Structure formats: structure tokens, C-alpha cells
Amino acid sequence: MYPFSYTRVSDLRTAVQAGSDGGRYIAGGTTLVDLMRETVERPGKLVDISALPLREVTATKGGGLRIGALMRMAEVAAHPTVRALYAVISQALELSASAQLRNMATIGGNIMQRTRCTYFRDVTASCNRREPGTGCAAREGFNRTHAILGTSEQCVATHPSDVAVAFAALEATVHLLGPAGERTVAFSDFLLRPDNTPQREQSIRQGELITAVEVPAQPRPLRSGYVKVRDRQSYEFALTSAAVALHVRGGVIQVAKVAAGGVGTVPWKLSAVEQRLIGQRPSEALWTQAAEVAADGAQPLAHNNFKVELLKRTVERQLRVVGGTR
Amino acid sequence: MSPQPQKAVGSPLSRVDGRLKVTGKAAYAVDHDIPGAVHAVVVDSSIALGRITGIDTSAAEACPGVLKVITHRNAPRLVYRDNPVSNNPRGRRLRVFQDDQVLFFGQPVAAVVATTLEAAQHAASLVEVSYEARQPTTDLAGRPGNPLLNYARGDAEAALASAEVRLDREFHLARNHHNPIEPHATIARWDGDKLTLWDKTQYVIGTQNEAAAVFGIPVENVRVISPFVGGAFGTGLRTWPHVAIAALAAREVGRPVKLALSRRQMYFTVGYRPRYEYKLRLGADRQGRVTAMAHEPTYETSNHETFWEATLFLGQMLYNVPNVSQTLRTVSLDVNTPLWMRGPGFSSTSFCIEVAMDELAHELGIDPVELRLRNEPTRDLSTGQPFSTRRLRECFRVGAREFGWDRRNPKPRSTRDGDWLIGTGVATGCYDTNRARAEAHARLDANGTAVVQSAASDAGPGTYTSMTQVAADALGLAVREVEFRLGDTLMPPAPPQGASQLMASVGSAVQDTCDKLRQQAISLAVGDRRSPLHGVNPDDVVVIGGRLQVKDQPARGETYRQLLARNNLTHLEANGLYNPEAESPYSMYAYSAVFAEVGVDVNLGLVRVRRMLSVYDAGRIISPKLADSQAVGGMVGGIGMALLEHTVTDHRDGRIVNANLADYLVPVNADIRDLRAIYLDGDDRKADPIGVKGLGELVKVGVAPAIANAVFHATGRRVHELPITAEALL
Ligand SMILES: Cc1cc2nc3c(=O)[nH]c(=O)nc-3n(C[C@H](O)[C@H](O)[C@H](O)COP(=O)(O)OP(=O)(O)OC[C@H]3O[C@@H](n4cnc5c(N)ncnc54)[C@H](O)[C@@H]3O)c2cc1C
Ligand code: SF4
């Protein structure tokens, strides 16, 4: 670990000031510290934001939810309003990491977490994301867990977060506070595909702080849920996952929100699947038919070809779990 | 000598060191507080083959707190005497910092010594090493290999040619790493030319001899201390390069040095279960009698050493097969050398044989349990010897009953529970009973308590507890009145804690020692005119609760304390020994029948083990609660081997890709549901004086094939590759 300085801030203004001065925010520290130990991250100045007043879930005017960036994963998962209104968020969080980690880790840190690509985390390997221009060891290397969607010549790593998949499905927005004031970014624009600049992972500027994630209102009743497919029963990142939310009225699907995880360089919004669902009556056949397009555009690598089929089946499974059949 | 009642042995005691462990007071290697100790951190090679062309240590040396950076350029020449004692395989072992050659990825190329761990770690990351890299060869696949061992009986080829049913299969088994919780660690301190090592090891004498060999000093000059080991599964059976590095660093800086490997480094220099390719051909008649088996296992080893493990025994003795041929090959690669991992050899071979037997059963429409019973031998066909004990039939009978095997619909893909296809499978487990020379010392103090010791190791099975149990009964004391000590080369010698030989060997030595001590006390009493036991035939005296008494006349007797006090003795002591005959007239193995039920998600290909039952024929069970820990641990390990564990090498540059516990998957609690162990009552006195056959290795053997066979039964898909992952079942 490289030497660093450490300061703790307790108000937003000081935080942003420290961040603008080249400080690096640390919240739960569950992933940043790991990466510092591996010397993947070498921040010179840590700014501990865990005492900032960003730790509540509030209802928004329109009927949505605003989740403070410093809410712990466990707190959000257990929050009665979240559970009642957005089961998919609770479930995605509960299927993440471990109980110990969820008690420490924050929502802001979660969506900011970096890829689990093992070459990225091994500083002796070549990796464009860690060191632009050095090449991508994963592309021709061991890439069983890597992305099949949204990849580029430069990088094929997945975004590992689970709850980000739920946020992508629900079309959340990210609230930011920076030296120039507040702004919001649509979730789909917040996490960046690698393209030619894999080192740029989020549309966040120096010194900007995530203050909250806002989930927009949805028509009610909304049935939602998250499925995570992995080799072992717990404590593993997704091979594939799917977040699904459906609003059915008059026997017809009026609203469908679907995204997939474990397969994309960013949480993968499945608009084509949504399109096949909207206006249709729930049925086994519909789930299958909609899921067929889930992997459209996939570009599998040597070891992750299985994810193409697995993705479709994962989406189909979760459509059935959430939507049931009639 | 009158037999002592067995009160402690066979009772389900909790670990005598349990409190120390759960309160954090048990000192593992790196926990020992050695005044003045500084820290060493190893720098690993980032290439797998080639030469070091330059090392820039200036940035590292400039770090505050750094005492020295050791590389091949400034390290003193080390002696590296030949050493047949420490489980070094044939070949030339890695010599730390003696030249510029890199033999495998992650090989130590430098060590940084600093006053704090943080300084040493940071400085280590600043050491710049340049290499001339050559293309390494690290992939076993398709390589012909060098013949290592052959075996033949009968004419396997002819028997295969004329067999009514034939199978021809190729199995692929992934490399596995031991991954104990405690990483390897060593503290080294020199006092003049005497070296003390606090080490994580399963064999203190092995570490002692290797350290002496490396530094060219007399063995007596090295003392190794290892009271607690946080799991090992075999990785502690050799003395790996970091031990020499710690001692070298301590000598160079003139202070004690602590060195712990990181989790990542646990994948580089400390051994693993080798990857296998295993061709197996099997011939049988329509009644399911196997007439021939031809085995061609190939496993990986390093270019500098030829690893050996017991790959061939099972194929020779497990079933009543008249015609057997075996060719074992190794492929030498630019990798570190493997090392025995739980159930070494047997676990790998049993996967292949037991899956093939299941295929045969399916093909012939014979129940898999019945098929195995039809191939039960009456003696060991490889030696012609009778079995000391072999109760495999009973294992299957009890297991089938308790597991509910009769309710099984033999048709694959016939049972469903929601999205899950349910299947059950069975396999035989077997491991050889090893014994070795062991010594012990016991001392009975005037206050009536005893201390017994032997230079054994306790890497988790509970040696402290089981030895205490044996000693307590032999001395006629309560368990709390006996303390067993281990893990120090100053103690009487013991064999390695591997190959399931420790209970049989050290247990028998403890038994002998404590018998002698008890006899001594009895002799003293019956010869003492002031003793109520004066003149009694010593053979009629037993000791119960610390009181010597006439067996049939319990009122007549006295306590150890009274006896010693009256004779003005501070203590009595005895040395004892177990020295097994070189050649036993018996074929000695422990056996098990392993039953597994799995669910396989019908669409997603996920496999989850729903329940498992193993029935063991392992001789006498000294400590049932510890035995259960072993059994459950073995089944958990087997679930890992079957479904998860896979060390991935990037063959382009020999890099271990998943050198961490997030990417090298082992089972977690949520994967472990209903695991149950049953032990057949009884003992095997032909094996050793205390009647045990060994359990720690056996428990892993047969688990992976039972699961694989259950997966077939659930899905109709036969997988010949480990681990079995979703992609094989989609
Ligand atoms: C073993 C393990 C398993 C895991 N498994 C899963 C899993 O299955 N699913 C899953 O989704 N995640 C998983 N995680 C990731 C885990 O969820 C993240 O580590 C956690 O959410 C990060 O939150 P944190 O508060 O600890 O972030 P930190 O480690 O403190 O910070 C992470 C990053 O976010 C930045 N940051 C933090 N807060 C803010 C903010 N408010 N504004 C701007 N930048 C900020 C930091 O600068 C840093 O770059 C796992 C992690 C581990 C270690
Ligand atoms: S996939 Fe991306 S993160 Fe992984 S090695 Fe390639 S560039 Fe680096």
C-alpha cells in the first residue's frame, strides 16, 4: 500500500472542497482499501465521508424514492419502504457480497466500485483500464466471467454491482454535488462503456460527490424482483443476473423494466425485451419470446460463450418469477 | 497387564484447546511475540520462465524503516545439502536467491526486510525487476508425459478385447489449491549458530531438517516450534522457500524476522493438487463383473522436481478385477511443484473409477450399489494379502438404509422439485492406513496430573484432544488432569501429520508411553510395604480416576498422589515408542460409502448439494466429535472439488489468474446443507495397537464422484471434467 493522508469530513462543503483539492472519497472502504492493498489504487489523500448527513431514504414528491449515498447496503435492503415499493432493490442488495460487507458498504461506493476482472486487480498484468495503452490481458486470456455486451477492443470487463442492475432497470438518476453545485445524471449515462477510454468509468468530475440515487415513481401495483445466477449459493459476483419490474393492469403489461447484470461492461438495460412485453398478456410463451432477444448483439469470448444462452434463460426465469402465468 | 477401562476414548469431547482458539489466545506461527522482530515481505516473479536481468532496489531501500533488500545479487551462497527427510521430491529444489533463473510464476526474486510490516510491503512493491522472459510451458493438455510408474496383472488388453461391455473414457481434473485459513508464516531467530523457527508446519522435524540442510548446520542446531496450525490440508508437509528466506533475512539483518505469505502468494510457492488427465478403459461381463481396467493417469509436475502421489493403489486393490494395467505419467512444466492435498492421489483416481463404475451400472441396468458389491474382492489382488479389515459391504448396507437408497427411481431425469431436477449418486471411498515410527514422553506429577508430549502437529483434526483421550484412559486419569503437548522439535520425534498416519502412530506411542508409566506406578505400589496394594499381582491392578486399585476389589487401593507422596517422589516419567513392522502381512485400508443428493436447476445448470451421507469403516473412533469435524470438512472439501475449485493458469505467461479467495471458489456456508457421517463400530487391531485406520484423508475420497453421479442421475448428463460448472450442464 502506498502512503496516504487521511482526513474525516462532517459537512458537504468541506467534503467537496477536499475532493476538489485532489482528495479521494472513502465511504465504507470495503473495496477501495482492497485495491489500495493490491496497489491498483494509489490515492495520496483519503477523505472519509462516512459521517456526512447522506444517510436516509426519503419519499419524493412524485412517489419515488431518494436513497442517500451513505446508506449502508444492509440498511437499504431492510428499509420498509424500499421493501414495499421496490423489492428488486432489496433483493439485489441481499444477494450481494456478504452480511459483513453489506453492513459497511454504502450505496454510493457500490455503484462506484470497479471491475472484478482479475487482470485489472493484478498489477503485473497488462490492463488498459488500469494503465491505458498496455493492452487487455483478458481479451485473449481467461475470460469466463467477462462481458458479452458493450465490450470494446480495449476492454471486456463487467461492471460488478448488483444493485446497479436494479437502478438501471428502474431508470434511476444519480445526484451529484460538486464545486460547481448540484446536478443529476441519468443512471444510463452515469456508468460508462469502455469504448476507447476504459479508464473513464463514470461521468463524474473531480471533486464531485454522489449524494443520492433517486428512483422514479412507477405505477402501482408494481411487482419486481432480482435473480442472480452464480456457481456457489452465496458470496460470489453474478455470472448472469436479471432485474425485472412489471406493472400489469387489465390483464395487460403496461410497464416493463428489465436489465441484466454479469454480462455487460455496464448494467445492461434490456429495452428490446421490455418492448416485447409491453401491451402483452403474461404467459409462459411471452416470457420465452421476450427473453429470446435478451442477448442480442452479444459478442462472446473464448470462455464465456455460455453466458449468451444463460442470459436468455436468466431473463426468462425472472420474468416468470415476477410475472407469473395465467 | 490389565486393560484399562476406556472412558475418554470414544466419548464426544469438545476440543481441549477450543477455548484458546475461540478467544484468540492460541498462538499461530506469526502470532508469537518475539522481542525485536522485524518483518520480511517477498517479491514475486511476474514471469514464469527466464532470467532476471536487473533489479533496482533503490526506491525500496530509500523507504523509511527498510533494513535490507535481499536478492540473488547480494545473498550469501547457501549450502542446500541433500535432505531425504523433509518430503522433498526427486529433483533439485528451488534455491532461494542463488541465481538469476526464474522457474515458475510467483517465484521469490527478492525479499524486503523492514521494521514494520507496512514499510516492508510498500517497499516490496517498489522493487523493480527486469527479466528476459521465455515462453513458459504450463499446459498439461495433450502432452505425452514421462512414464513414472507401471503396473500390470493379468492381460488387460486381451480381457478388454473380449469383454462383453467396454467403456473408454477420458477425465479431466482441475488443479486445486489447499487454501487453509492460516497462510504460511515463519518467524526466524538466530542465537549464534543456533536457529529457532516458529513455523506453520505439519511436520516440525521436516522443517528442522530442511533448515539445517539449507544452511549447512547440524540438525540439532535448529529448533522448530509450531503449537497451532490454522489448517493445512497437506500444504504444510514440505518446507517451502519462504522458510529459508525468513532465516536468511534474520541472519542478514541480525534480528528475528517474521514472514507471512499473502493470500495471493499462497498460490505461488506452496504446492497444490496437480491437474490430471486420466484415460480409463474398463471391460465387464453382462452381470457387471469387471474383468479389466486399463488406467493411464497423467499429472503435472514441475521441471525441477518430480512429484509423486499415490495415484495407482486404488486401481489395484479396490475391486476384484483380474486384469489391470496402469501407466502413470508426469508432465514436467514451468510451474511450482505440487504437494499432497487431502486424499492425495486417491481423491483424483476415485473420481475416474467411481464415475466409470456408475456408467457401467447404468449401461447394464444394475443398481450402482449392487454393482460395487458384485466386485468386492476377498483379498488384495495387488499383493495377495488378506485385508486387516474391510467392511465396505456393511458401509453400503448401512448407508443405503439410512439414505433411503431403495426409494430411488433408477431412471435419470426422473425426479423434479419445481425448477430443480433431483438426483442421487453413490461412490466408494478408500484410503490406505499408514503408520510410522513415533515416540512420546509422559510425566506424572506428585499432584496427580500428567503431561504427555510428542513432536506431532495439530493442523485442525484435534490431535491435542485425541491424544489426551488416549493418555487419560491409559493413565486412569480424567481428561482435565492430562495435558498433551506437541509441535516442538525438543519433544520426542513424531511423523508428519499427513497420510492419516498420526493417530495410529503417535496415538500408539502415547498408549505405549502411558501404559509404561502406569505400570511403573503399579510396580512401585505393589512393591511398597506401606501400600495397600503391597504384594498384589500387578496384572490385577487398574487405575481409575487417579486411583490404583485391585480390579475385582476396588476398595483396596490408593491414589497416585498418595503413592508419590509417601515415596517422596516429585514425579514419575516414561518414554514410549511405536515402531510398526516394516512389512505388514495385511492389506490395510479404510473405506467408505458416500451417498449424495443434488438438485440441478433445469434451465440454469446450477448444481447444489442437498444432502450427503457417508458411512466409514475407519477402525476405532477415538473422538467422535472430532471425527465428525473431519467428515463434514472432507465432504465440504469434496463439494469444492466437485463443483467449484479450479486454479486457473493463463498459459500465455504462466500466471495464476485467480490467486485470491474471491475468484478461487470454495464452498460457503450457504452451499452446505445436510451432511451426515456414520462410523461402523469396531476396531482394527491388526493395523495398530489402538485399532484406528485413519480418517482425515479418507473423508475426501469418493465425495466428488458421488456428486458427479448424482448430477448424471438428475440430468442424464455425464460430466467427465472437474469442477462441474453451469456451462457443462446448460
Ligand atoms: C468480497 C467482496 C464481495 C463482493 N460482492 C459483491 C456482490 O456480490 N455484489 C455487489 O454489488 N457488490 C459486491 N461487492 C462490492 C461491494 O458492494 C462494494 O465494495 C461496496 O458497495 C463499496 O462501498 P463502500 O462504501 O465500501 O465503498 P468504498 O470502498 O469506500 O469506495 C469505493 C469507491 O467509491 C468511491 N465513493 C464512495 N462513496 C462515494 C460518494 N458518495 N461519491 C463519490 N464517490 C464515492 C470511492 O472514492 C471509491 O472509489 C463485494 C465486495 C467484496 C470485497
Ligand atoms: S478486460 Fe478491461 S479490466 Fe480486464 S484486463 Fe482487459 S482492459 Fe483490463
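Select chain A and chain B together and display their shared surface: in this predicted model, the two chains bury about 2800 Å² between them, and 55% of that area lies on carbon and sulfur atoms. Next, pick out Arg232(A), Arg313(A) and Arg317(A). These three arginines supply 24% of the area that chain A buries against chain B, more than any other three residues.

Extend the selection to every residue in contact across the boundary. It comprises 30 residues of chain A and 30 residues of chain B.

Now turn to the charged pairs. How many salt bridges cross the interface of chain A and chain B? The rule finds six. One to display is that between Arg655(B) and Asp122(A), where the closest N and O atoms are 2.8 Å apart. Polar contacts may be drawn next: 19 residue pairs, with both members at pLDDT 80 or more, are counted between chain A and chain B.

Which helix of chain A should be selected for the largest share of the side that touches chain B? Helix H12 of chain A, residues 306-323, contributes six residues to that side, the largest share. Colour the whole chain A side by residue class: 11 residues are nonpolar, seven are polar and 12 are charged.

Finally, step back to chain A as a whole and colour its two assigned domains. Domain 1 spans 5-51 and domain 2 spans 223-323. Placing a marker at the centre of each, taken over C-alpha atoms, gives a separation of 36 Å between domain 1 of chain A and domain 2 of chain A.

Conventions
Residues are numbered from 1 along each chain as its sequence is written. Chains are lettered from A and ligands numbered from 1 in the order in which they are written. This is a predicted model: local features need pLDDT of at least 70, side-chain atom pairs count only at pLDDT 80 or more; totals for chains, interfaces and linings use all residues. Side-chain values use heavy atoms; hydrogens and water are left out. Domain bounds come from an automatic or database domain assignment. Contact means heavy atoms within 4.5 Å. Buried area is the accessible area (1.4 Å probe) that two parts lose on being put together, summed over both. A salt bridge is a side-chain nitrogen of Lys or Arg within 4 Å of a carboxyl oxygen of Asp or Glu. A polar contact is a pair of N or O atoms within 3.5 Å; within protein, one must be able to donate a hydrogen and the other to accept it, and residues adjacent in sequence count only if both atoms are side-chain atoms. Helices (H or I, at least four residues) and strands (E, at least two) are DSSP runs, numbered from the N terminus. Ala, Val, Leu, Ile, Met, Phe, Trp, Tyr, Cys and Pro count as nonpolar, Asp, Glu, Lys and Arg as charged, and the others, Gly among them, as polar.
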